[in-house]
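This briefing goes through one structure by topic, from the chain as a whole to the sheet, its strands and the side chains around them. Please keep the sequence and the coordinates at hand while reading.

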Amino acid sequence: MSRKLKSLAYLLFAVCMTFLLAQGQARQTRSHPHSKPRVIILGVNGAEWDILRPLLVRGEMPNLARVIEQGVSGKLRTISAPNCPKIYSVFETSTPPEENGITGFIVHGTTANTGMLRTEPLWSFLSNSGVTVGMANVPATFPVKPVNGYMISGMLTRGKNCEDGLLCSPKLSEVQGGDAVYPSGMVAELQANVGDFLIDCARMPTAKDLLGHEVAVVYEWLARVSATREQQRKLFDYLLTNHPTDFTFLVQSCEDRVGHWLYPIQPYNVGYNRKLHAIQVDAFPNQYRALDRVLGTILQHVDENTTLFIISDHGIKPVREKERHNAHKDHAGTTPIIAKHDFEDGDDVPGVFVAMGPGIKKGTRVVGLPMSVFDIAPTILKLYGIPVPKQMKGRVLTEIFEGPTETAGGAPVR
Ligand SMILES: [Zn+2]
């Protein structure tokens with residue numbers, strides 16, 4: 001099928017879904033939540049093994065340690081010059097950015113949005129097959145699309161004081177230029193039960209904001225990050241309790257943002273500024289200590305029939321290569337940084353992969369980089385027994401499963 005035809009087919013599907021779901025109100029809660037495999041993905045933007053591993057060794061991430069012990073872990077190979085919208089769109093479509101349409105934060109001068117998606121994403125395949133879908137804070141899902149469940153947008157949501165949607169942080173009530181919640185009737189419910197939460201992590205302070213006020217600005221910004229994370233934790237807990245779905249995809253985005261300018265670099269690293277980088281050397285590791293508490297909340301909703309994936313789109317490392325463009329900037333050049341992920345060689349900054357659940361090997365580490373960001377969608381589809389469409393470039397991660405071919409849902413793994 002040509003690209004145009006594919007886009008048209010997807011558009012038609014989206015229109016049909018809108019119509020069908022508007023007719024009978026979204027079925028957010030199945031009467032038999034375990035009639036299909038139950039999968040929860042926790043995406044952590046920029047989760048970095050170099051930072052996680054020492055914390056695990058020190059026993060400071062007990063929840064993650066437990067999941068690793070009871071499951072499979074390894075690095076997740078990413079693509080060149082990786083960033084969040086680009087890779088989350090690869091997670092969902094298993095197609096390269098130039099095919100799926102989301103090539104970065106900005107595409108042809110406009111902030112990446114769901115209207116640009118040219119290949120059918122995971123949420124659509126699952127919805128179409130009767131799997132209930134719940135998504136919250138997944139990057140580049142604004143404006144939200146109809147699904148067989150709910151969708152709450154994440155990074156790149158537009159709103160008041162965040163008109164371009166570029167790495168800012170509108171509150172739910174401040175969203176503009178599209179819907180951040182599907183079905184829209186859920187907005188009032190979330191406002192009442194979770195509060196007027198921030199959709200994404202705050203934009204990083206500029207060099208000008210920082211100059212001369214480093215200590216105050218750093219602490220103020222970190223306090224806002226903590227507040228955002230607590231709101232996300234509350235949101236995830238509310239959704240998992242009150243709207244359980246077969247497939248749930250939740251994302252945390254503050255880790256990446258903190259890592260960019262507060263990575264614990266040393267005086268010999270590029271961009272070291274004693275005034276800034278000696279203030280809170282634990283700022284970045286603290287994000288993962290806090291993430292572990294969010295994971296603890298999610299684990300309360302994980303039973304023996306649930307498969308849990310923890311994945312990151314890419315890692316993050318101190319600047320250490322000479323590159324032609326924007327060596328000291330990231331996020332479409334908007335952000336001065338000391339650590340980055342947009343390295344031209346994506347192999348330098350692999351993401352994180354951890355999986356635990358029925359039929360998944362225990363205490364197994366996959367070495368090297370055989371697992372890729374393209375493999376997430378095919379692996380999820382296979383868990384539900386849905387054929388992997390031809391356009392998907394990834395493969396089913398058979399090596400993470402026990403035994404010859406059976407998974408929890410009884411679906412054979414190829
Ligand atoms: Zn980033």
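What percentage of the 414 residues of the protein chain count as buried? In this predicted model, the share of residues that count as buried is 60%. The chain contains 13 helices and 15 strands, and the points below take up its open sheet of nine strands, the strand β8 within that sheet, and the aromatic side chains.

**The chain as a whole**

- The protein chain exposes about 16300 Å², of which carbon and sulfur atoms supply 53%.
- Among contacts with a separation of 6 or more, 73% are made by residues that lie 24 or more positions apart in the protein chain.

**The open sheet**

- Nine strands form an open sheet with mixed pairing, and their order is β7-β6-β5-β8-β1-β9-β14-β2-β15.
- The edges are taken by β7 (181-182) and β15 (364-366), each of which has a single partner strand, so one side of each is left without a neighbour in the sheet.
- Strand β6 (residues 149-154) pairs with β5 in the parallel sense over five bridges, and within this pairing M135 stands opposite M151 of β6.
- Helix α3 (residues 62-69) packs on the sheet, where it touches β2 (72-76), β9 (306-311) and β14 (351-356), and its direction makes about 65 degrees with that of β14.
- Helix α4 also packs on the sheet, touching β1, β2, β5, β8 and β9, and the direction of α4 makes about 170 degrees with that of β8.

**Strand β8 and its partners**

- Why can strand β8 (residues 247-252) be called largely enclosed by the rest of the structure? Six of its six residues are buried, so the strand is largely enclosed in this sense.
- Both faces of β8 are covered, with F247, F249 and V251 buried on one side and T248, L250 and Q252 buried on the other.
- Strand β1 (residues 38-44) pairs with β8 in the parallel sense over six bridges, and I41 stands opposite F249 of β8.
- Strand β5 (residues 133-137) likewise pairs with β8 in the parallel sense, over four bridges, and V133 has F247 as its bridge partner in β8.

**Aromatic side chains**

- How many aromatic pairs does the structure hold? There are seven, and one of them joins Y88 and F91 in an edge-to-face arrangement, at 5.2 Å centre to centre and with 85 degrees between the planes.
- Y88 and F91 both belong to helix α4 (residues 84-93), where they are three residues apart, about one turn of the helix, and both residues are buried.
- W221 and W261 form another edge-to-face pair, with 5.4 Å from centre to centre and 70 degrees between the planes.
- Since W221 lies in helix α9 (residues 214-242) and W261 in helix α10 (residues 254-262), the pair ties together parts that are 40 residues apart in sequence; both tryptophans are buried.
- Ring pairs also link Y88 and F91 with F247 and F249 into a cluster; F247 and F249 are buried on one side of β8, and α4, which holds Y88 and F91, touches β8 where the helix packs on the sheet.

**A charge over a ring**

- The charged end of K340 sits over the ring of F343, at 4.9 Å from the centre of that ring.

Methods: Residues are numbered from 1 along each chain as its sequence is written. This is a predicted model: local features need pLDDT of at least 70, side-chain atom pairs count only at pLDDT 80 or more; totals for chains, interfaces and linings use all residues. Side-chain values use heavy atoms; hydrogens and water are left out. Buried means under 20% relative accessible area, exposed over 50%, partly exposed in between (1.4 Å probe, protein chains only). Helices (H or I, at least four residues) and strands (E, at least two) are DSSP runs, numbered from the N terminus. Two strands pair if DSSP finds at least two bridges between them. Rings of Phe, Tyr and Trp (its six-membered ring) pair if their centres lie within 6.5 Å; planes under 30 degrees apart count as stacked, over 60 as edge-to-face and the rest as tilted. A charge sits over a ring if NZ of Lys or CZ of Arg is within 6 Å of the ring centre and within 35 degrees of the ring normal. Contact means heavy atoms within 4.5 Å. Axes are lines fitted to C-alpha atoms, for helices over the stretch in contact, and angles run from 0 to 180 degrees between N-to-C directions. Accessible areas come from the Shrake-Rupley method with a 1.4 Å probe; for residues, only the protein chains shown count as cover.
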